[in-house]
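User: Please take a close look at the surroundings of the ligand in this model, and then at the sheets that can be described beside it.

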Amino acid sequence: MRVFASAWGWHVGGFALQKRPPVRAVNTIRHLYFHIPFCPKLCPYCCFYVETGAKHKTTAFLDALLRDVEEAGQRFALRPETIYFGGGTPSALLVEQLDHLLGGLRARLDLSALAEWSFEVNPATVRAEKARLLRAAGVTRISLGVQSWDDATLRTLGRVHDAEQAEKTYAILRAAGFENINLDLMFAVPGQTAAQWAATLAKTVALQPEHVSAYCLTYEEDTAYFRQLQLGTFRQDHDFDADLFETTMDTLGAAGFAQYEISNYARAGRESAHNFAYWRGADYLGFGPSAFSTVGRRRWQALPDTGEYTRRILAGESVEHFVEELAPATREGEIAAFAIRTREGLAGADLARWAEELREFEALGFLERKGDRVILTRRGRLMADAVAEAFV
Ligand SMILES: C[S@@+](CC[C@H](N)C(=O)[O-])C[C@H]1O[C@@H](n2cnc3c(N)ncnc32)[C@H](O)[C@@H]1O
Ligand code: SF4
């Protein structure tokens with residue numbers, strides 16, 4: 001989800017409608033995202049819309065989410081093939097709340113085509129009972145926010161768990177029957193050494209997850225980390241970060257994980273279908289505060305305010321925070337920018353518009369042709385953001 005949060009960071013402002021927009025067309029929506037904004041504590045590097053200590057709002061919020069799904073079911077044909085619960089920290093919900101929410105969704109949605117149901121878990125928030133409930137409710141894939149197996153790095157990241165707790169949570173999830181687990185990791189963390197990162201990768205490989213997301217730390221505006229960077233307390237060393245990225249590709253590649261997108265590595269057949277749907281430009285609906293939806297060329301975002309989101313939904317009002325009609329060329333560029341970051345790259349024929357950029361990147365050794373596809377070279381993967389930016 002990170003890619004989308006930052007890629008959509010450009011779209012700010014907008015307007016709020018007082019009434020729900022009229023039905024425009026009956027589209028079948030096959031991908032649903034749920035944003036659960038509650039976190040035990042705000043991590044100093046994180047720019048997602050989250051709330052801490054908002055327990056009193058949760059029950060009404062869950063009812064609002066369910067109402068939002070009902071409303072959407074009147075405007076669109078909902079036939080989810082993938083569902084993604086992200087945040088925030090969906091696993092911060094209590095067992096009874098999850099029971100209410102997931103049971104409520106099962107009652108409202110046709111899940112006969114559902115192939116993947118992902119759920120983000122912070123290691124500090126799941127015990128055996130919750131893990132069993134998630135499995136029994138139909139969740140098929142867990143994304144566990146480990147970040148690092150090194151306690152010093154976890155402290156720098158301001159995480160509420162240590163490595164031991166993350167390992168216990170991983171074991172609890174396995175014992176509950178989860179056979180598809182992603183581990184989220186972060187590198188280029190201030191103070192992190194090459195040896196610490198290598199040890200985190202080695203430990204990850206030893207645990208044999210099905211999928212690994214390894215993100216290079218991004219200094220997002222309006223975060224404590226960004227301020228530290230501006231003050232000079234934190235410094236970036238892009239060459240060192242590139243070395244860590246190369247170590248990641250080599251270690252995970254040697255362990256049998258295919259790098260199917262810049263930050264994502266999977267065992268055969270364990271690629272995230274939900275992420276692929278975004279990357280190929282499929283329609284999707286997002287529920288919850290700050291969540292984006294895109295249907296055809298229309299994109300909108302829900303209000304990034306849990307209380308107001310809840311109030312408006314329960315009052316039957318629109319929660320659209322901003323809406324835009326994407327020009328075909330904009331959408332095309334966006335999809336190209338996502339696709340070039342994937343293993344499959346782009347069909348050469350789809351790149352006619354960018355012939356000049358293409359020549360330049362090929363000359364620099366960032367892009368190469370394989371059959372009719374244009375893909376990033378290993379060198380190009382180190383420059384993926386710059387290459388992708390050329391398309392938008
Ligand atoms: C939306 S977070 C949700 C996961 C869960 N709340 C947790 O933190 O355990 C998804 C992942 O994005 C990554 N992430 C968040 N902020 C980041 C940043 N500024 N730079 C790089 N990766 C980041 C982390 O690896 C995190 O696990
Ligand atoms: S727990 Fe996850 S979503 Fe919440 S603040 Fe930390 S990184 Fe962000």
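Analyst: The ligand shell comes first, followed by two sheets.

This is a predicted model, in which local features need pLDDT of at least 70 and side-chain atom pairs count only at pLDDT 80 or more, while totals for chains, interfaces and linings use all residues. Residues are numbered from 1 along each chain as its sequence is written, chains are lettered from A and ligands numbered from 1 in the order in which they are written, and side-chain values use heavy atoms, with hydrogens and water left out.

Around ligand 1 there are 19 residues, of which Gly-87, Gly-88, Gln-147, Arg-159 and Asp-184 come nearest; a residue belongs here if one of its heavy atoms lies within 4 Å of the ligand. By type, the shell holds seven nonpolar, seven polar and five charged residues. In that division Ala, Val, Leu, Ile, Met, Phe, Trp, Tyr, Cys and Pro count as nonpolar, Asp, Glu, Lys and Arg as charged, and the others, Gly among them, as polar.

Some polar contacts (pairs of N or O atoms within 3.5 Å) can be given individually. The side chain of Asp-184 has an N or O atom 2.7 Å from an oxygen atom of ligand 1. Backbone N or O atoms also take part: one of Tyr-45 is 3.0 Å from a nitrogen atom of the ligand, and one of Thr-218 is 3.0 Å from a nitrogen atom of ligand 1. On its own, ligand 1 has 560 Å² of accessible area, and the protein covers 96% of it (Shrake-Rupley method, 1.4 Å probe). Two or more shell residues come from each of strands S5 (116-121), S6 (141-147), S7 (181-187) and S8 (211-216); strands are DSSP runs of E with at least two residues, and helices are runs of H or I with at least four.

Turning to the sheets, one is open, with three antiparallel strands in the order S12-S13-S14; strands pair if DSSP finds at least two bridges between them. Strands S12 (292-295) and S14 (320-325) each have a single partner strand, so one side of each lacks a neighbour in the sheet. Strand S13 (residues 298-302) pairs with S14 over five bridges, and Gln-301 stands opposite Phe-322 in S14.

Another open sheet has three strands in the order S15-S17-S16, also with antiparallel pairing. Its edges are S15 (346-347) and S16 (367-370). S16 and S17 (residues 373-376) are joined by four bridges, with Lys-370 opposite Arg-373 in S17.

Methods
Polar contact = N/O pair within 3.5 Å; in protein donor to acceptor, adjacent residues only side chain to side chain.
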